[in-house]
Amino acid sequence: MSSIPSDLLQTVRTASSIVVLTGAGVSAESGIPTFRDAMDGLWARFNPEDLATPEAFARDPQLVSQWYDERRCKLAMCKPNPAHLALAQLQRWMREHDRSMTLVTQNIDRLHQEAGSDDVIELHGSLRVWRCTRCEKETDERGPAFETHPPRCSCGGARRPSVVWFGEALPADAITRAQRASVGCRLFMSIGTSGVVYPAAGLIDLARTTGARVLEVNPAVTTASAKADWAIHEPAGAFLPALVQQLMEQAV
Ligand code: BJW
Ligand code: ZN
């Protein structure tokens with residue numbers, strides 16, 4: 001069982017507001033490869049940063065659509081892991097004690113929502129939703145692999161995953177809410193993210209410069225490690241359940 005620093009436990013117990021930023025590492029233990037590890041098998045010769053762009057979709061819509069559709073179909077077989085469940089439990093605990101926890105995710109897999117987290121702020125969209133590039137109509141896609149790539153809308157337009165690619169603006173309400181929650185929060189948790197993609201990676205600085213203490217959970221050292229009051233180099237699925245369990249065992 002992970003050992004939890006006592007001053008961290010005390011900070012979680014007393015913080016009036018917590019912001020949690022999650023990245024692909026939170027879903028790694030659900031069997032979803034992280035963004036920068038996503039290229040296996042036939043995709044090994046591609047760089048993910050080259051495919052996750054509007055330019056790549058304009059140049060080769062079939063290739064980009066196939067890549068996302070394969071990831072969408074694999075996602076259908078994945079379930080929330082103990083890290084997702086612990087964060088949902090922490091959010092409920094905070095609410096029961098009249099305090100706020102804002103969960104901000106860069107992930108496009110919706111596993112936080114499946115685990116029971118409320119009001120999740122999705123910065124980079126969702127792979128479960130596809131959008132027509134002509135009429136903008138969005139549809140939830142839970143079925144089998146598409147028969148054609150890219151799939152077509154009834155209006156004839158090409159459909160694309162409703163995710164945010166490099167060079168595209170994040171949903172304005174999502175990034176605004178995430179930034180507002182980060183300013184003045186008491187504890188900022190950076191969980192399973194490499195912290196290299198902006199503007200999400202800037203949230204930690206907003207929080208720190210306005211007084212937050214910072215927890216990072218990531219087996220690797222990242223740009224967030226040097227900014228963290230506690231840099232815990234363990235898998236999120238081991239550390240977060242231990243943290244939440246110890247919190248529940250102590251009276252407030
Ligand atoms: C574990 C673990 C375990 C493993 N437990 N941990 C300088 C300043 C500001 C911006 C820029 C800048 N330079 C360039 C930019 C722009 C660009 C950017 O940031 N580029 C960087 C590469 C430098 N940003 C953008 O383009 C954004 N848009 C924008 O800026 O718009 C401006 C604009 C305004 C107005 C009009 C128009 C434009 C958009 C960014 C969109 C990012 N989208 C992606 C793809 C989504 C779809 C897809 O998945 O294919 O989002 S990129 C990719 O990176 C994905 C992720 O959400 C995101 C973050 O990655 P994440 O989650 O951190 O994953 P990894 O793989 O990097 O790391 C996983 C971590 O987990 C690792 O550290 C592991 O160690 C760890 N781990 N097991 C805990 N068990
Ligand atoms: Zn359409």
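This passage describes a zinc site and a pocket in a predicted model. Local features require pLDDT of at least 70 and side-chain atom pairs pLDDT 80 or more, whereas totals for chains, interfaces and linings use all residues. Residues are numbered from 1 along each chain as its sequence is written, chains are lettered from A and ligands numbered from 1 in the order in which they are written, and side-chain values use heavy atoms, without hydrogens and water.

The zinc ion (ligand 2) is bound through the SG atoms of Cys132, Cys135, Cys153 and Cys155, at 2.3 to 2.4 Å (donors being N, O and S atoms within 2.8 Å of the metal, or 3.2 Å for Na, K and Ca). Along the sequence these donor residues follow the spacing C-x2-C-x17-C-x1-C. The arrangement is tetrahedral because the four donor atoms subtend angles of 101 to 121 degrees, the criterion for four donors being that all angles lie between 85 and 135 degrees. Cys153 is buried, at 11% relative accessible area, while Cys155 is partly exposed, at 32% (buried, under 20%; exposed, over 50%; partly exposed, in between; 1.4 Å probe, protein chains only).

The second largest pocket holds about 190 Å³ of space (a pocket being an open set of points on a 1 Å grid, where a 1.4 Å probe fits, with protein on both sides within 12 Å along at least five of seven lines; lining residues have an atom within 4 Å of a point). Its lining comprises 15 residues, of which Gly125, Arg131, Ser162, Val164 and Pro171 are the closest to the centre. Strand β4 (125-132) and strand β6 (159-163) each supply at least two lining residues (strands being DSSP E runs of at least two residues). The largest share, four residues, comes from β4.

Methods
Tetrahedral: all angles 85-135°; square planar, octahedral: opposite > 155°, others 65-115°. Points joined across faces, edges and corners; volume = space filled by probe spheres on them.
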